[in-house]
Amino acid sequence: MNISELTNRLEALAAGPKPWECVSTYDNGDERILACHSEAAANNHAAPLRRKVGKPLIRRETGETVVITSVVVRRQECVA
């Protein structure tokens, strides 16, 4: 496989549907959703977040203190 074939394959994968998502919920009502290609990728993203559940964290964007209340990996209902 040459470089152009590899590039084309990676671009096709990136453009494809991302049926899995990792949803992090915070005590202030915010949700952060990361769409992933596979359940394994979503779980890999969720693992360090699960260790932080219940601990006060400082949000980089605003400087406010927030607490992660839940982390869920789920399959999207409708994937276009």
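T25 lies in strand β1 of this predicted model. Let's start from that residue and look at what surrounds it.

Strand β1 covers residues 20-26, and strand β2 covers residues 31-36. The two run antiparallel and are joined by 6 bridges. Where does T25 fit into this pairing? Its bridge partner in β2 is E31. Between the strands of this hairpin there are 4 residues, and G29 there takes a positive phi near 95°.

Which residues does T25 touch, once those up to four places away in sequence are set aside? They are D30, E31, V67, I68, T69 and S70. E31 therefore appears twice in the story of T25: as a contact and, since strands are matched through bridges, as its bridge partner. For E39, 14 residues from T25 along the chain, the C-alpha atoms of the pair are separated by 19 Å.

Now for the cysteines. How many disulfides are there? The count comes to 0. A disulfide is a covalent bond between the sulfur atoms of two cysteines. The table looks at two cysteines, C22 and C36.

| Cysteine | Nearest cysteine sulfur | Relative accessible area |
|---|---|---|
| C22 | C36, 6.8 Å away | 1% |
| C36 | C22, 6.8 Å away | 6% |

Why is this pair not counted as a disulfide? The sulfur atoms would have to be within 2.5 Å, and the nearest cysteine sulfur to C22, that of C36, is 6.8 Å away, so C22 is in no disulfide. C36 is in no disulfide either.

Are these cysteines buried or exposed? C22 is buried, with a relative accessible area of 1%, and C36 is buried too, at 6%.

Technical notes. Residues are numbered from 1 along each chain as its sequence is written. This is a predicted model: local features need pLDDT of at least 70, side-chain atom pairs count only at pLDDT 80 or more; totals for chains, interfaces and linings use all residues. Side-chain values use heavy atoms; hydrogens and water are left out. Contact means heavy atoms within 4.5 Å. Buried means under 20% relative accessible area, exposed over 50%, partly exposed in between (1.4 Å probe, protein chains only).
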